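Shall we read a structure together, one feature at a time? The learner asks, and the teacher starts from the general idea.

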Amino acid sequence: MTDQAARKPFLYVVVCAAGIAADVSKLITAAQERDWEVGVIATPVAMNGFFDTAAVEAQTGRPIRSAWRTPGEPRPFPAPDALVVAPATFNTVNKWAAGIADTLALGTLCEVAGLGVPIAVLPCVADALAAHPAYRDSLERLRGMGVRFGEPYAGEPGEDGGRPEFGWERALDLVERG
């Protein structure tokens, strides 16, 4: 058996700065239960308190990536077998669709989209922003690139005051479908 055949599939999880990011460990747990190894790439803003970085590093056994590596520095993650963006913000979706790669997260999204790797996105965008024409155009462009989207999530409290569940596992269903 080769090393490639023996290794678990590797999932990149890109985390953006939305309040629901605090629960990204739910996605990591679900992925690990499905036999994925996980590496997390976070937007710079997401690294500023949107989720427990130490807990995520302990859970994945790998450092969170947020900055470019220096020339000659080894790649900390193997090539991805799939990628999930969760939560995906208005800013990230629009920049990615426009081909802007000004952070490691966006650069990774732009590059992986060209590799034919399955990509799933769980948007977390307020309804008012989701109505913006640039966002709608971005979704259409990304879908045209083969990106798979979960249901929109605005995070607004319901009539009972509670927030709806964020469909973390849906992202895995989207990248694992045939």
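What follows is a short dialogue about a predicted model.

Q: Let's begin with the record. Which residues does the UniProt annotation "domain: Flavoprotein" cover?
A: An annotation can be laid over the coordinates as a span. In this predicted model, the unreviewed UniProt entry places "domain: Flavoprotein" on residues 12-142. That span is 38% helix and 17% strand, and its end C-alpha atoms lie 18 Å apart.

Q: How do I read the setting of a single residue, say Val85? Is Val85 buried or exposed?
A: Start with the element, then the accessible area, then the contacts. Val85 sits in strand E3, residues 82-88. Its relative accessible area is 1%, so Val85 counts as buried. Beyond its neighbours within four places in sequence, Val85 is in contact with Val14, Cys16, Trp96, Leu109, Ala120, Val121 and Leu122.

Q: Cys16 is among those contacts. How many disulfides does the structure hold?
A: A disulfide is a covalent bond between the sulfur atoms of two cysteines. Here the structure holds zero.

Q: Why is Cys16 not bonded to Cys124?
A: Distance settles that. The closest cysteine sulfur to that of Cys16 is in Cys124, and because it is 9.5 Å away, it is too far for a bond. Both residues are buried, Cys16 with a relative accessible area of 0% and Cys124 with 16%.

Q: Now the interior. Which residues have the most contacts inside the largest nonpolar core?
A: A core can be read by its members and by the elements that supply them. The largest one has 32 residues, with Leu11 and Val15 having the most contacts inside it. Strands E1 (10-15), E2 (37-42), E3 and E4 (119-123), along with helices H2 (24-33) and H8 (168-176), each supply at least two residues of this core. A second, separate core has 28 residues, including Val14 and Leu109. As for Val15, its contacts beyond four places in sequence include Val40, Ile41, Phe51 and Pro87.

Q: And a helix? Which residues of H7 are buried?
A: Check the length, then the sides. H7 (residues 133-144) has 12 residues and reaches 17 Å from its first C-alpha to its last, close to the 16 Å expected. Its buried residues are Tyr135, Ser138, Leu139 and Leu142. They cover an arc of only 100 degrees around the axis, so they lie on the same side of H7. The face turned away from that side carries the exposed Asp137, Glu140 and Gly144.

Q: What do the buried residues of H7 pack against?
A: Their partners are helix H4 (90-97), E4, helix H6 (127-130) and strand E5 (148-149). After H7 comes Gly146, with a positive phi near 95 degrees.

Methods:
Residues are numbered from 1 along each chain as its sequence is written. This is a predicted model: local features need pLDDT of at least 70, side-chain atom pairs count only at pLDDT 80 or more; totals for chains, interfaces and linings use all residues. Side-chain values use heavy atoms; hydrogens and water are left out. UniProt positions are given in the numbering used here, feature names are shortened, and annotations may be inferred rather than shown by experiment. Helices (H or I, at least four residues) and strands (E, at least two) are DSSP runs, numbered from the N terminus. Buried means under 20% relative accessible area, exposed over 50%, partly exposed in between (1.4 Å probe, protein chains only). Contact means heavy atoms within 4.5 Å. A disulfide is a pair of cysteine sulfur atoms within 2.5 Å. A nonpolar core is a set of buried Ala, Val, Leu, Ile, Met, Phe, Trp, Tyr and Cys residues joined through side-chain atoms within 4.5 Å. The expected span of a helix is 1.5 Å times one less than its number of residues. The arc is that of the directions from the helix axis to the C-beta atoms.
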